[in-house]
Amino acid sequence: MFDLRANEPTRNPVRRSAWFAVGALVGLTGAAIAQPHAAEGDPGRVRYDGQMVVRAVIRDAADLMLVNQVAPDCWSHTADPGPPGTWGVLDYRIDASGLEALRAVGMQVEVLIPDLQRVVDEESRRLAGGAMTRGWFDDYKSLDQVSQFVDGLIAARPEIASRETLGLSLEQREIYALRLTSPVPPDRGGKPVILINSVQHAREWITVMSTMYMADQLVNGYGVDPRVTAVLDKFEIVIVPFVNPDGYVYTWTTERYWRKNRRPNANGTFGVDNNRNWGFAWGSNNGSSGNFGSETYRGTAPFSEPENVAMRDWTLANPGVVMHLDVHSYGQYLLYSWGYTPAPAPGVGALRSLAMGMRQAILDSGGVTYNAGQCYQTLYPVSGGAIDWYYGDQNILSWTPELRGPSFSPPPSVILPTAREMYAALLWLAENYCGADVDYTGFVDSVDFDAFMAMFEAGLPSADFDHTGFVDTDDFDAFVQAFIEGC
Ligand SMILES: [Zn+2]
């Protein structure tokens with residue numbers, strides 16, 4: 001079916017300790033040298049004058065300590081290895097004095113974006129210049145434009161598309177889902193659900209373009225493209241465009257590279273990192289920060305943020321969810337649990353083999369290389385992240401795709417190729433999900449039968465094979481049927 005062993009993530013103990021340190025240090029507030037400032041002529045908008053984005057080669061702990069002091073906003077989801085004997089390379093937003101400090105100690109630093117304000121100016125000029133007159137996926141879209149697009153899809157195909165409110169954000173914006181499924185009923189019970197969300201992090205604009213492309217292809221492909229028809233006959237696909245609508249609006253109106261939500265913190269700073277606020281291993285192992293001003297501030301308690309609560313409560317109320325994608329940018333990764341510890345998650349073979357399949361589907365579609373691996377080692381420690389809650393607490397297979405860069409402002413020409421490759425990954429995932437392959441070896445055998453029977457006898461939620469929300473003899477019948485049919 002697919003090779004589980006190709007492209008294994010590197011498991012280098014030195015690298016592991018390096019990324020552990022990155023996680024710890026990314027959490028520091030830093031010396032605030034590279035903070036953006038409000039414009040004098042345009043008081044509404046934060047400017048990035050004198051700031052740049054650099055890629056720094058981290059040789060050792062001292063380098064890492066220094067760079068996190070002079071440039072507290074780490075942009076990297078790119079844990080590239082770097083030259084031999086180093087800890088790897090990371091991207092940072094930094095100013096000239098910070099750059100000078102790095103070069104003074106002999107660090108190798110490449111300037112990726114020499115003038116960040118110019119990028120922001122060009123982007124806003126371009127967006128103001130009538131992107132609406134071209135194709136919808138030719139440029140980035142505001143919160144309202146996405147909402148109108150969703151409503152347009154529903155109006156075009158109300159028999160397969162509907163909208164549901166999950167809850168309200170801190171600033172009372174609607175957090176909603178687009179639900180897609182065909183009128184064809186499942187063989188028995190309820191349809192399995194694939195849940196997809198974008199924009200937990202406000203500045204990752206390309207992520208909502210990708211999830212909207214999935215929605216567009218699925219809505220327009222049903223009854224036309226046999227692959228789409230089969231997928232929507234088998235699954236319900238639920239897309240939440242904005243987990244963090246307040247942050248997204250703020251990046252459009254005020255501060256382009258804002259990451260967190262807009263929670264007012266006790267010390268006058270703003271924002272909780274929604275992807276450190278989930279209630280599984282919350283706050284553990286330096287995978288988040290307890291400092292209000294940090295880009296990875298975890299909040300005052302697990303699920304302290306209404307955006308996380310809305311996602312959690314919807315998930316708890318919909319027992320059919322079998323798979324979840326939490327889409328981020330950037331760095332071209334397919335990450336899976338655990339994020340909070342280097343230990344392998346139980347049943348990690350399933351997460352890994354399906355990630356490898358998505359990676360290959362992306363390549364086969366003409367896309368670029370995504371590296372698949374466990375979040376902790378491949379990226380950096382993340383505690384209180386969505387994938388660990390979905391997998392660890394809810395037994396839902398969950399991944400974080402990190403889309404293409406090369407920054408949080410990829411040129412608009414990158415939108416469609418990125419969207420197409422992620423759509424290819426989604427179709428592959430839906431077509432290759434096999435509930436009867438309980439241990440995800442790629443084939444169904446007696447080990448799967450024994451594993452299901454153990455879950456069934458224990459009454460575990462994972463034995464709810466027909467997705468009704470409870471475990472009964474119908475689940476046993478459904479499993480046996482699937483087992484006999486080979487999936
Ligand atoms: Zn992110």
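# A guided tour from Glu-421 to the zinc ion

Begin by selecting Glu-421 and Tyr-370, whose side chains are joined by a polar contact of 2.6 Å. The model on the screen is a predicted one.

**Stop 1: around Glu-421.** Keep Glu-421 selected and display the helix that holds it, H13. Is Glu-421 buried or exposed? Its relative accessible area is 1%, and because buried means under 20%, Glu-421 counts as buried. Next, show the residues in contact with Glu-421, setting aside those within four places in sequence. They are Ile-362, Ser-365, Gly-367, Val-368, Tyr-370 and Arg-404. Then select Arg-359, which is 62 residues from Glu-421 along the chain. The C-alpha atoms of Arg-359 and Glu-421 are separated by 9.3 Å.

**Stop 2: the disulfide.** Select Cys-434 and Cys-487, which are joined by a disulfide with an S to S distance of 1.7 Å. Where do these two cysteines lie? Cys-434 is in the loop between helix H13 (415–432) and helix H14 (446–457), while Cys-487 is in the segment after helix H15 (473–485). The bond therefore ties together parts that are 53 residues apart in sequence. The two ends can also be described by their accessibility. Cys-434 has 5% relative accessibility and counts as buried, whereas Cys-487, with a relative accessible area of 43%, is partly exposed. The count of disulfides comes to one. Two further cysteines may be selected here: Cys-74 is buried at a relative accessible area of 10%, and Cys-375 is buried at 5%.

**Stop 3: helix H8.** Select residues 245–253, which form helix H8. How many of the nine residues of this helix are buried? Eight are, so helix H8 is largely enclosed by the rest of the structure. The buried residues are Pro-245, Asp-246, Gly-247, Tyr-248, Val-249, Tyr-250, Thr-251 and Trp-252. To see what they pack against, display helix H4 (116–128), helix H5 (143–156), strand E8 (174–180), H6 and helix H9 (306–317).

**Stop 4: the zinc ion.** Select the zinc ion and then the residues that coordinate it: His-201 through ND1, Glu-204 through two OE entries, and His-328 through ND1. The distances run from 2.1 to 2.6 Å. Along the chain, the donors follow the spacing H-x2-E-x123-H. Glu-204 and His-328 link distant parts of the chain, 124 residues apart. Glu-204 sits in the loop between strand E9 (193–197) and helix H6 (205–221), and His-328 belongs to strand E12 (residues 328–329). Both Glu-204 and His-328 are buried.

Why is the arrangement around the zinc ion irregular? The four donor atoms subtend angles of 55 to 141°. Four donors count as tetrahedral if all angles lie between 85 and 135 degrees, so this range does not qualify. For comparison, the ideal angle for four tetrahedral donors is 109.5 degrees.

**Stop 5: the whole chain.** Finally, clear the selection and display the full protein chain, which has 15 helices and 15 strands. Of its 487 residues, 58% are buried. Its accessible surface comes to about 17900 Å², and carbon and sulfur atoms account for 55% of that area. Among contacts between residues at least 6 apart in sequence, 75% join residues at least 24 apart.

Technical notes:
Residues are numbered from 1 along each chain as its sequence is written. This is a predicted model: local features need pLDDT of at least 70, side-chain atom pairs count only at pLDDT 80 or more; totals for chains, interfaces and linings use all residues. Side-chain values use heavy atoms; hydrogens and water are left out. Donors are N, O and S atoms within 2.8 Å of the metal (3.2 Å for Na, K and Ca); water is not among the atoms, so sites may look incomplete. Four donors count as tetrahedral if all angles lie between 85 and 135 degrees; four count as square planar and six as octahedral if opposite donors are over 155 degrees apart and all others between 65 and 115; anything else is irregular. Helices (H or I, at least four residues) and strands (E, at least two) are DSSP runs, numbered from the N terminus. Buried means under 20% relative accessible area, exposed over 50%, partly exposed in between (1.4 Å probe, protein chains only). A disulfide is a pair of cysteine sulfur atoms within 2.5 Å. Contact means heavy atoms within 4.5 Å. Accessible areas come from the Shrake-Rupley method with a 1.4 Å probe; for residues, only the protein chains shown count as cover. A polar contact is a pair of N or O atoms within 3.5 Å; within protein, one must be able to donate a hydrogen and the other to accept it, and residues adjacent in sequence count only if both atoms are side-chain atoms.
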